[in-house]
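Good morning. Please look at the structure while I talk, and keep the sequence beside it.

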Amino acid sequence: DCSTNGLVPHPPVKVFDGSKITLQSVIACQQVWSAAVIAHVENRGGDEDAKNALCTPAPHPETAEDFLHGLAVELQNQVAWA
């Protein structure tokens, strides 16, 4: 049976934490694009706080309200990228 939810909710954590990078969506519902953005931010360098400011996690939605929250986080990230 492959009908299980592969995107169960997890509490967001900092993407950059010392030598650890936790992949998670920074663009709502776009896991692969988010991974590419995180890789780009890591490659650019800079301090951990600055990198985390560009990569606030946008949690995967379970409800309509979750979707709106994730979209708001994504838009904040886009403003930070500009």
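I start with one pair: the side chains of Lys14 and Glu48 meet in a salt bridge, at 3.7 Å from N to O. By salt bridge I mean a side-chain nitrogen of Lys or Arg within 4 Å of a carboxyl oxygen of Asp or Glu. This pair links distant parts of the chain, with Lys14 in the segment before strand E1 (16–17), Glu48 in helix H2 (residues 48–54), and the two positions 34 residues apart. Helices (H or I, at least four residues) and strands (E, at least two) are DSSP runs, numbered from the N terminus.

A word on where this comes from. This is a predicted model, in which local features need pLDDT of at least 70, side-chain atom pairs count only at pLDDT 80 or more, and totals for chains, interfaces and linings use all residues. Residues are numbered from 1 along each chain as its sequence is written, and side-chain values use heavy atoms, with hydrogens and water left out.

Back to the charges. Side chains of opposite charge can pair when their charged atoms come close. How many salt bridges does the structure hold? There are 3 salt bridges. Lys14 also meets Asp17 in a salt bridge, at 3.9 Å from N to O. In the remaining example, Glu42 pairs with Lys51, and the closest N and O atoms are 2.7 Å apart. Salt bridges that share partners join Lys14, Asp17 and Glu48 into one network.

Are these residues buried or exposed? Buried means under 20% relative accessible area, exposed over 50%, and partly exposed in between, with a 1.4 Å probe and protein chains only. Lys14 is partly exposed at 45%, Asp17 is partly exposed at 42%, and Glu48 is partly exposed at 26%. Glu42 is also partly exposed, at 34%, whereas its partner Lys51 is buried, at 11%.

Glu48 has another residue to mention. Gly18 and Glu48 are 30 residues apart in sequence, and their C-alpha atoms are 7.5 Å apart in space. Gly18 sits in the loop between E1 and E2, and Gly18 is exposed, with a relative accessible area of 59%.

Next, the interior. Which residues make up the largest nonpolar core? The core has 9 residues: Val15, Phe16, Val26, Ile27, Val37, Ile38, Val41, Leu54 and Cys55. A nonpolar core is a set of buried Ala, Val, Leu, Ile, Met, Phe, Trp, Tyr and Cys residues joined through side-chain atoms within 4.5 Å. Helix H1 (residues 31–44) gives the most to this core, with 3 residues.

Take Val26 from that list. Val26 lies in the loop between strand E2 (20–21) and H1, and Val26 counts as buried at 0% relative accessibility. Leaving out residues up to four places away in sequence, Val26 touches several others, among them Val15, Val37, Ile38, Cys55 and Trp81. Contact means heavy atoms within 4.5 Å. Val26 and Gly70 are 44 residues apart in sequence, with their C-alpha atoms 8.7 Å apart in space. For Ile27, again without neighbours within four places in sequence, the contacts include Trp33, Val37, Glu74 and Trp81.

In the loop between E2 and H1 we also find Cys29. Most residues other than glycine have a negative phi, and most peptide bonds are trans. Cys29 is not a glycine, yet its phi is positive, at about 60 degrees. Cys29 is partly exposed, with a relative accessible area of 31%.

My last residue is Glu62, in the loop between H2 and helix H3 (64–81). Glu62 is partly exposed, with a relative accessible area of 44%. Not counting residues up to four places away in sequence, Glu62 touches Asn5, Leu7 and Pro9. The C-alpha atoms of Glu62 and Val73, 11 residues apart along the chain, are separated by 15 Å.

That is the end of the tour; I will take questions now.
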